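Please work through the exercises below with the sequence and the model open side by side. Each task is followed by a solution that goes step by step.

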2 protein chains.
Amino acid sequence: MKTKQIITTIILISFSHLIFAAGSLSKAELKQAETLRKAASKSDLAYEILESLTTEVGPRMAGTPGDARAVAWAENKFKELKFDRVWKEPVKLRQWNRGIEKAEIISPFPQPVMITALGNSIGTGEEGVRGEIIHFETFEDLQKAEAGEVRGKIVFISHKMHKTRDGSAYGRAVAARSKGASVAGEKGAKAIVIRSIGTDNDRLPHTGNMNYAEGVTQIPAAALSNPDADLILNQLKRGKVEIGMTMTSDIGDEYTSYNVIGEITGSENPEELIVIGGHLDSWDLGTGAVDDGAGVAITIAAAKLIADYERPKRTIRVVLWAAEEIGLVGARAYAKAHADNINNHITAAESDFGAGPIWSFDWSSANDESAFVAQLEQLLNPLGIVRGQPKSTSGPDLWPLRALGMSTFALRQDGTDYFDLHHTANDTLDKVDPEHLKQNLAAYTVWAFAVAQVPGNFGFNIN
Amino acid sequence: MKTKQIITTIILISFSHLIFAAGSLSKAELKQAETLRKAASKSDLAYEILESLTTEVGPRMAGTPGDARAVAWAENKFKELKFDRVWKEPVKLRQWNRGIEKAEIISPFPQPVMITALGNSIGTGEEGVRGEIIHFETFEDLQKAEAGEVRGKIVFISHKMHKTRDGSAYGRAVAARSKGASVAGEKGAKAIVIRSIGTDNDRLPHTGNMNYAEGVTQIPAAALSNPDADLILNQLKRGKVEIGMTMTSDIGDEYTSYNVIGEITGSENPEELIVIGGHLDSWDLGTGAVDDGAGVAITIAAAKLIADYERPKRTIRVVLWAAEEIGLVGARAYAKAHADNINNHITAAESDFGAGPIWSFDWSSANDESAFVAQLEQLLNPLGIVRGQPKSTSGPDLWPLRALGMSTFALRQDGTDYFDLHHTANDTLDKVDPEHLKQNLAAYTVWAFAVAQVPGNFGFNIN
């Protein structure tokens with residue numbers, strides 16, 4: 001870890017002379033961007049790409065046959081759309097197999113409950129585990145608990161995530177999923193079941209990745225659908241609750257997946273890169289329409305529309321990230337492989353927050369008076385998009401590149417309903433509004449064109 | 001069948017002298033009804049009963065251990081609420097076991113799809129069946145098809161039910177479920193999968209009963225969730241689709257369930273019965289909150305509130321019907337057992353259309369000018385309920401009694417969203433709005449009190 005930090009520091013210093021120093025678009029370029037916006041607002045291309053991915057591939061969890069089919073699909077799609085360069089870069093990962101998953105309340109009132117294993121969880125063996133529930137309202141309550149009261153029991157965390165436009169409630173809720181098993185295991189629990197990290201009330205549990213802290217006893221971890229979590233709470237009002245659960249999930253073999261990359265080569269500064277994309281993998285339960293088929297489709301289509309209209313000055317590189325869901329594995333591999341060229345990664349945006357309409361844009365600079373930001377505002381306003389703040393977040397696959405100093409923009413989607421579907425079987429094509437997809441496509445097209453044309457740079461990203 | 005028709009005819013003639021000849025409520029009774037309405041509008045009792053049933057029993061498909069638990073729960077609940085008489089009447093039925101159910105698209109693009117076996121369907125055996133899809137948009141299109149094109153294939157009917165307040169689209173859509181297998185089997189199909197008879201787009205298929213016509217080859221019958229039906233349609237646009245499906249459902253043994261009955265004995269005409277109720281059984285996938293825990297809870301609570309306030313003149317009989325879902329088995333048994341007392345069944349209403357608010361009331365008489373109907377209108381208007389028409393429908397469990405001549409009222413619920421949940425795993429307590437339940441409770445309380453007090457009768461039911 002130390003060596004990495006040192007290298008990062010050196011890179012940070014070497015970049016710190018860069019400030020947001022973009023020039024502005026010419027009148028002609030502004031006109032071109034407006035024409036592109038109008039065309040993209042009417043284009044079905046993103047929806048067609050999304051329909052193709054969900055129909056012809058569907059579930060594509062990293063390391064599964066669906067993952068391999070998705071990689072082949074992506075290469076073919078870029079070629080079919082006549083991208084200038086198409087290639088893939090290897091990403092090594094370890095497979096995880098879901099297996100069977102079922103659970104039931106044994107007493108006081110026997111009923112089946114719907115669970116799904118959390119990604120990376122060990123299984124229970126075919127014989128299953130059974131035990132008395134010990135209930136905590138929050139992850140923090142579990143942290144505070146004495147080992148004595150947890151030992152030999154099945155931990156249940158019942159906190160319900162609420163809806164927010166920016167998804168900020170996810171960050172607070174997700175610790176129960178990612179770290180709950182480690183804390184419960186350390187205190188001697190047999191297993192952990194959490195209320196799904198989701199805002200719906202469908203009988204479809206939400207999966208998602210978890211990890212075991214080093215050295216703790218590994219225990220099985222699952223999520224209950226929201227109605228099933230309610231049911232257990234109602235039974236707990238009447239006394240002790242015993243449940244049984246069987247999960248045959250396990251860790252598999254090493255596997256090589258791929259970041260799949262398609263480029264529209266720049267006409268004036270081909271070595272300078274504008275990076276857009278979404279992640280190609282999905283969870284296995286749905287068809288990954290919203291997470292993140294939408295991001296894949298929007299960004300491929302945006303690059304294609306630009307290429308067909310006016311060759312951009314800089315290169316537009318569409319990266320379809322591998323294995324995001326299991327820990328940004330593709331993103332880390334890319335950052336490692338391209339660290340020596342970080343200087344040429346001018347700026348980037350990832351679409352990975354569903355298919356809701358974009359409502360604001362952020363950028364990573366201290367200077368929010370820049371003429372270019374004002375131009376972007378003017379270009380994006382007709383799409384219902386307002387100027388955000390000079391402190392951009394980004395999709396998760398850009399984090400490793402941000403850590404190396406790359407600037408990002410954030411085209412922020414309305415995520416109010418995103419966590420109704422996120423990581424569930426319900427993540428399917430019918431949930432995507434084609435009109436919202438057009439708005440996203442128009443925004444990415446305009447933005448990517450503008451940043452590919454504008455002189456200067458976007459400074460240094462401060463996380 | 002013939003003997004039955006003759007008996008029915010005799011009964012019809014013997015009743016035909018009855019017309020809607022209700023008198024009207026006294027001023028004092030109107031006041032009492034208003035007081036009851038106000039109290040019921042604030043009462044949590046129906047919700048408490050529903051929470052109890054869904055928490056302590058949950059799924060209760062006819063012939064399962066959940067059915068037996070529901071019968072015990074109902075007897076206990078009536079006794080706990082101090083009903084005057086509580087008893088049960090046997091209902092003979094045949095068990096059906098769901099078993100495992102899974103399906104997948106094999107080609108051109110392999111993906112799992114979510115199915116559920118239709119009630120009463122045979123299984124496929126553990127080895128499953130696989131075959132090419134032959135697609136029909138509607139049941140009628142299947143009926144018109146040549147056997148030659150269907151033989152050896154798996155029939156897929158893709159018609160999607162639309163939303164209506166009165167649920168009328170269900171009647172049109174449901175033939176695919178109830179009769180599809182017979183028609184497909186007759187033409188030599190291997191199996192049939194239908195798009196769920198439901199108005200949602202959740203990844204949760206809708207079960208429901210089906211039957212085989214006599215003499216036809218029995219084939220397995222299943223429903224796909226709406227998103228999975230869409231997926232197959234999208235793959236069909238690209239060519240032939242082959243699917244595989246495995247269902248281990250089968251017919252079980254004879255079983256005795258029970259109609260569970262609780263009465264509030266009338267003070268002046270105890271032999272005269274006002275029948276209310278809902279069906280006690282549910283499908284096995286959800287906890288039967290909406291279908292028909294709500295009806296059970298509303299009607300038990302209404303009788304209880306009346307008993308606690310003012311003993312009614314006539315007896316209020318709450319019948320919790322057994323085995324409705326598998327063919328009105330309890331309702332038929334009741335009608336047979338009580339045919340000789342049909343004269344004393346003054347009128348009835350069943351709550352079996354979910355937990356949405358009631359918006360109108362119908363009655364079964366030719367005379368819509370009756371003073372009593374005007375009084376009902378006055379009493380129910382403050383709940384947002386308007387006068388309907390003098391041609392009442394009824395919940396399905398009243399059909400056998402209507403055939404014997406009993407009049408019914410219909411307190412019609414808004415069913416716009418009912419078929420989002422109907423017969424799915426999503427039918428759980430969280431889907432019920434406690435405020436809607438209070439409105440239903442108030443309406444049933446007022447109506448049952450009014451028909452228990454008013455002199456005269458409600459005439460003869462003409463179906």
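The exercises that follow concern a predicted model, and they go from the pairing of two chains to single residues and one helix.

**Exercise 1. Determine how chain B is related to chain A, and whether the two use the same or different surfaces in their contact.**

Step 1. Superposing chain B on chain A takes a rotation of 180° with 0.0 Å of shift along its axis, and the RMSD is 0.0 Å. The two copies are therefore related as by a two-fold rotation axis.

Step 2. The same surface serves both copies, since 100% of the contact residues of chain B recur in chain A.

**Exercise 2. Describe the interface between chain B and chain A by its area, its residues and its polar interactions.**

Step 1. Begin with the extent of the interface: 33 residues of chain B are in contact with 33 residues of chain A, and the area buried between the chains is about 2,400 Å², of which carbon and sulfur atoms give 46%. On the side of chain B, Thr55(B), Arg203(B) and Arg238(B) supply 22% of the area that this chain buries against chain A, which is more than any other three residues.

Step 2. Turn next to the charged and polar pairs. Between chain B and chain A there are 4 salt bridges, and 22 residue pairs are in polar contact, both residues being at pLDDT 80 or more. Arg238(B) forms a salt bridge with Glu56(A), in which the closest N and O atoms are 2.8 Å apart.

Step 3. Finally, assign the contacting side of chain B to its elements and classes. Helix H3 (45-56), strand S3 (111-113) and helix H9 (226-236) of chain B are the elements that give two or more residues to the side touching chain A. By class, that side has 12 nonpolar, 12 polar and 9 charged residues.

**Exercise 3. Place Ser225(B) in its loop, decide whether this residue is buried or exposed, and list what surrounds it.**

Step 1. Ser225(B) lies in the loop between strand S8 (221-224) and H9 of chain B.

Step 2. Because its relative accessibility is 0%, Ser225(B) counts as buried, the cut-off for that class being under 20%.

Step 3. Not counting residues up to four places away in sequence, Ser225(B) touches Met114(B), Ser196(B), Asp202(B), Arg203(B), Leu204(B) and Pro205(B). The side chains of Ser225(B) and Asp228(B) are joined by a polar contact of 2.6 Å. The C-alpha atoms of Ser225(B) and Asp200(B), which are 25 residues apart along the chain, are separated by 9.0 Å.

**Exercise 4. Find the loop that holds Leu25(A), and identify the contacts of this residue beyond its neighbours within four places in sequence.**

Step 1. Leu25(A) is placed in the loop between helix H1 (2-15) and helix H2 (27-41) of chain A, and with a relative accessible area of 6% this residue is buried.

Step 2. Leaving aside the neighbours within four places in sequence, the contacts of Leu25(A) are Leu30(A), Phe372(A), Gln375(A), Leu379(A), Ala450(A), Gln453(A) and Val454(A). Leu25(A) and Leu376(A), 351 residues apart in sequence, are 9.5 Å apart in space from C-alpha to C-alpha.

**Exercise 5. State which residues of helix H11 of chain B are buried, and against which elements they pack.**

Step 1. In helix H11 (residues 329-338), the buried residues are Val329(B), Gly330(B), Ala331(B), Tyr334(B), Ala335(B) and His338(B).

Step 2. The buried residues of H11(B) pack against strand S1 (85-97), strand S10 (250-264), strand S12 (314-321), strand S13 (345-350) and helix H13 (399-403) of chain B.

Key
Residues are numbered from 1 along each chain as its sequence is written. Chains are lettered from A and ligands numbered from 1 in the order in which they are written. This is a predicted model: local features need pLDDT of at least 70, side-chain atom pairs count only at pLDDT 80 or more; totals for chains, interfaces and linings use all residues. Side-chain values use heavy atoms; hydrogens and water are left out. Buried means under 20% relative accessible area, exposed over 50%, partly exposed in between (1.4 Å probe, protein chains only). Contact means heavy atoms within 4.5 Å. Copies are superposed by least squares on the C-alpha atoms of residues with pLDDT of at least 70 in both. Buried area is the accessible area (1.4 Å probe) that two parts lose on being put together, summed over both. A salt bridge is a side-chain nitrogen of Lys or Arg within 4 Å of a carboxyl oxygen of Asp or Glu. A polar contact is a pair of N or O atoms within 3.5 Å; within protein, one must be able to donate a hydrogen and the other to accept it, and residues adjacent in sequence count only if both atoms are side-chain atoms. Ala, Val, Leu, Ile, Met, Phe, Trp, Tyr, Cys and Pro count as nonpolar, Asp, Glu, Lys and Arg as charged, and the others, Gly among them, as polar.
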